[in-house]
Amino acid sequence: MREIVFDTETTGLDPLNGDRLVEIGCIELVNRFPTGKVFHRYLNPERDMPEGAFRVHGLSIEFLKDKPRFVEVVDELVTFIGDNGMLVAHNAMFDLGFLNAELKRAGKGEVGRDRLVDTLMLARRKHPGGSNRLDDLCARYRIDNSRRTKHGALLDAELLAEVYLELLGARQAMLGLTQFDDGGNGGSGANHSALVRPQPLAPRGTPEERAAHRAFVATLGASAVWRDYRSPDSDEKESAA
């Protein structure tokens, strides 16, 4: 199962009123694990940068003026996204609105709403009444977001991928329940307790894909949840293979 976690940065809030994309970051997940394949571009919006937007992401027109226009990268983006599989975003309709406005402007087909997974909606269902901003969800799930001093599309997509896993309970689903016998009368097998242990995953994919995955995880910090699914000696096993 292939999914794309993505985030965007923009010049404002309304793509129908002339606001444009200035950054897009996408991360590929296969069976809920990052493959190491990403799509990340800064974009020349061909317009000014309002002060309010600059304060959010820190991307100035001076920085963006020599970056490619959306139309120059659209074919690569469309290929990366593909024509099936789910697209995961936080407050997804906002990002989709900007993405579709740019695709339409470039003469490409729009992405359907049926492909969206909105992590904000997932969070509101799972944690009603609480704050479900990305930073708050990182704090709730103990995901290290110390690098996030400003919004950035690729970094936010990386953090969102970890949050998404937690919201789905995929981390808990990978835990094994080990029961033990108290050794009492006749080996009755009475369960006094249960040990929950993470089950390491066997290496998947080609050596190049596994190397890309390790490089991706290395950027996320020591508390990245992906580390819980790797066998402690997996690298040594791969090296010896």
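In which loop does Arg32 lie? In this predicted model, Arg32 is found in the loop between E2 and E3, and the description of the structure can conveniently start from that turn before moving to the chain as a whole and to the side-chain arrangements around the two strands.

Strand E2, residues 21-30, and strand E3, residues 33-42, are paired in the antiparallel sense, with seven bridges between them. Within this pairing, Gly25 has His40 of E3 as its bridge partner. The two strands form a hairpin with two residues between them, and Asn31 in the turn adopts a positive phi of about 55°. Arg32 likewise has a positive phi, of about 70°, although it is not a glycine. With a relative accessible area of 25%, Arg32 is partly exposed, because the buried class ends at 20% and the exposed class begins over 50%. A positive phi in a residue other than glycine is also found at Arg142, where the value is near 55°. Arg142 belongs to the loop between helix H6 (134-140) and helix H7 (153-168), and at 72% relative accessible area Arg142 is exposed.

At the level of the whole protein chain, 10 helices and seven strands are assigned. The chain has 241 residues, of which 42% count as buried. Among contacts in the protein chain with a separation of 6 or more, 63% are accounted for by residues 24 or more positions apart. The area exposed by the chain is about 12800 Å², and carbon and sulfur atoms supply 52% of that area.

A search of the whole structure finds three aromatic pairs. One of them joins Phe39 and Phe80 in a tilted arrangement, with 6.1 Å centre to centre and 40° between the planes. This pair links distant parts of the chain, since Phe39 lies in strand E3 and Phe80 in helix H3 (residues 70-81), 41 residues apart. Both members of the pair fall in the buried class, Phe39 having a relative accessibility of 2% and Phe80 a relative accessibility of 13%. Another of the aromatic pairs is formed by Tyr42 and Phe63, here edge-to-face, with 5.0 Å centre to centre and 85° between the planes. Tyr42 lies in strand E3 and Phe63 in helix H2 (residues 61-64), so this pair ties together parts that are 21 residues apart in sequence. In terms of accessibility, Tyr42 is partly exposed at 27% relative accessible area, and Phe63 is partly exposed at 35%.

Two of the phenylalanine rings named above are also approached by charged side chains. The charged end of Arg2 sits over the ring of Phe80, at 5.6 Å from the ring centre, while Lys67 lies over the face of Phe63, 3.9 Å from the centre of that ring.

Leu43 occupies a place in the loop between E3 and helix H1 (51-57). The relative accessible area of Leu43 is 0%, and the residue is therefore counted as buried. When neighbours within four places in sequence are left aside, Leu43 is in contact with Leu21, Val22, Glu23, Leu64, Lys67, Pro68, Arg69, Phe70 and Val73. Lys67, the residue placed over the face of Phe63, is thus named among the contacts of Leu43 as well. For Arg69, which is 26 residues from Leu43 along the chain, the C-alpha atoms of the two residues are separated by 5.4 Å.

A further buried loop residue is His90, located between strand E4 (86-89) and helix H4 (92-105), where the relative accessible area is 16% and the residue counts as buried because this value is under 20%. The side chain of His90 is joined to the side chain of Thr119 by a polar contact of 2.7 Å, and the His90 side chain also reaches the backbone nitrogen of Leu120 at 3.3 Å. Apart from neighbours within four places in sequence, the residues in contact with His90 are Asp95, Asp118, Thr119, Leu120, Asn132, Arg133, Leu134, Leu137 and Leu160. Thr119 and Leu120, the two polar partners described here, are accordingly both included in the list of contacts of His90.

Terms used:
Residues are numbered from 1 along each chain as its sequence is written. This is a predicted model: local features need pLDDT of at least 70, side-chain atom pairs count only at pLDDT 80 or more; totals for chains, interfaces and linings use all residues. Side-chain values use heavy atoms; hydrogens and water are left out. Two strands pair if DSSP finds at least two bridges between them. Helices (H or I, at least four residues) and strands (E, at least two) are DSSP runs, numbered from the N terminus. Buried means under 20% relative accessible area, exposed over 50%, partly exposed in between (1.4 Å probe, protein chains only). Contact means heavy atoms within 4.5 Å. Accessible areas come from the Shrake-Rupley method with a 1.4 Å probe; for residues, only the protein chains shown count as cover. Rings of Phe, Tyr and Trp (its six-membered ring) pair if their centres lie within 6.5 Å; planes under 30 degrees apart count as stacked, over 60 as edge-to-face and the rest as tilted. A charge sits over a ring if NZ of Lys or CZ of Arg is within 6 Å of the ring centre and within 35 degrees of the ring normal. A polar contact is a pair of N or O atoms within 3.5 Å; within protein, one must be able to donate a hydrogen and the other to accept it, and residues adjacent in sequence count only if both atoms are side-chain atoms.
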